[in-house]
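Student: Could we go through some helix terms together and check each one against its definition?
Tutor: Gladly, let's look at the model first.

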Amino acid sequence: MADLFKPFNLSGMTLQNRVVMAPMTRSRAPRDIATETIALYYAQRATAGLIVSEGTPISREGQGYLFNPGIFTADQIAGWRLTTQSVHAVGGRIFAQLWHVGRVSHPSIQENAKAPVSASSRLAEGATAYGYDDQGEPALIPVTAPQQLTTEEVPRIVQDFAHAASNAIDAGFDGVEIHGANGYLFEQFLNPEVNDRRDLYAADTMDNRLRFTLEAVDAVIAKIGAERVGIRLSPYGQLFDMPHYDQIDETYTALVKALGERGLAYVHIMDQSGFAVADTIKTSGASVSDRIQQLLKVFRAALPRTALILAGGMTRARAERLIADGTIDLAGFGQPFISNPDLVARLRNGWALTEPDRGTYYGGGARGLIDYAPYAGA
């Protein structure tokens with residue numbers, strides 16, 4: 001029987017266990033450069049089989065939140081290098097999550113205060129970015145209407161992802177995860193209720209709908225090799241004004257099949273059913289959770305050479321069940337890692353988990369980032 005705490009071969013890379021630290025934005029980089037404190041944060045959690053870093057913007061244009069360490073300047077590469085060296089020094093593995101938020105941004109974050117760019121011209125209703133308010137203070141502020149990328153501009157974004165992947169390897173990361181989830185740029189192309197284009201990147205046919213995502217994946221593979229590439233997806237996710245649509249199953253089945261053919265290191269599914277806007281799918285009456293479980297079975301069959309990760313509401317019991325029955329290969333844990341740097345040991349031994357201080361999730365300094373203690377007994 002597969003064991004959550006036994007080593008796993010990820011495309012030729014040995015992970016010390018099947019526990020994945022999922023990516024989580026922490027907004028602790030004052031100059032958008034990873035610091036010594038960030039390096040310590042990740043090193044403390046390096047008993048995870050694999051760490052996926054917080055989203056690291058591939059360009060200034062791709063940024064939607066202040067104080068996130070990017071991967072597009074020499075100083076940012078050097079900053080991340082301290083993190084990767086620290087993680088490796090204690091036996092860990094770490095992938096960089098490559099991020100472009102698309103329309104989930106604000107001119108105060110963009111160069112020369114320009115409008116954010118997207119597949120779409122549609123505003124993300126109700127969404128906020130972490131930018132500068134009218135008084136010039138950092139704050140959560142409503143996003144603005146995006147500028148739709150022209151057909152000729154899209155290949156530039158594709159190359160930004162490829163260049164960022166090369167930068168990540170230069171910074172010492174073991175690989176990269178393309179952030180294709182949570183309502184950001186890739187979903188803005190994939191979702192036909194958002195993508196209002198009329199060119200070859202439109203959502204009118206399946207080939208067109210998938211084109212941008214597969215072009216970016218192929219460009220990253222060409223730079224660093226498929227064995228170093230993962231991707232995160234969130235079928236049925238509704239973050240940042242992402243409505244459900246009739247062809248969700250067909251879209252993600254076709255996409256994952258194409259990814260399987262490319263032999264990526266992994267596909268990482270984010271289960272957002274715990275905070276879905278709608279608990280049931282209008283067309284079928286099924287719950288979001290049930291639909292995701294069905295999709296996982298389809299994805300497993302489509303990924304004979306590629307690992308499958310699931311994150312979202314993960315527990316030890318759920319992870320062990322899904323790994324034992326062959327549904328997934330690796331289990332992603334997010335928020336528990338915030339307040340439990342020794343989460344793997346706590347899960348293995350059944351030790352109590354420390355509750356996190358939600359008020360310190362984003363921004364600030366060391367408090368709530370590196371000051372959580374390992375388990376000390378009763």
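Tutor: The questions below deal with helix packing and burial. This is a predicted model, where local features need pLDDT of at least 70, side-chain atom pairs count only at pLDDT 80 or more, and totals for chains, interfaces and linings use all residues. Residues are numbered from 1 along each chain as its sequence is written, and side-chain values use heavy atoms, leaving out hydrogens and water.

Student: Why are H5 and H6 called roughly parallel?
Tutor: H5 packs against helix H6 (residues 248–262) at an angle of about 30°, and their axes are 11 Å apart. Angles under 35 degrees count as roughly parallel, over 145 as roughly antiparallel, 65 to 115 as roughly perpendicular and the rest as oblique. H5 and H6 are therefore roughly parallel.

Student: What makes the residues of the H5 and H6 contact 9 nonpolar, 2 polar and 4 charged?
Tutor: Contact means heavy atoms within 4.5 Å. Among those meeting are Leu210, Thr213 and Asp218 in H5, with Ala254 and Arg262 among their counterparts in H6. Ala, Val, Leu, Ile, Met, Phe, Trp, Tyr, Cys and Pro count as nonpolar, Asp, Glu, Lys and Arg as charged, and the others, Gly among them, as polar.

Student: How do you know which side of H8 the buried residues are on?
Tutor: In helix H8 (residues 316–324), the buried ones (under 20% relative accessible area, 1.4 Å probe, protein chains only) are Arg318, Ala319, Leu322 and Ile323. Their arc, taken from the directions from the helix axis to the C-beta atoms, is only 125°, which puts them on the same side of H8.

Student: What covers the buried residues of H8?
Tutor: The cover includes helix H7 (288–302), strand E13 (307–311) and strand E14 (330–333).

Terms used
Buried < 20%, exposed > 50% of the residue type's maximum accessible area, 1.4 Å probe, protein only. Helix = DSSP H or I, 4+ residues; strand = E, 2+ residues; numbered from the N terminus. Axes fitted to C-alpha atoms, helices over the stretch in contact; angles between N-to-C directions.
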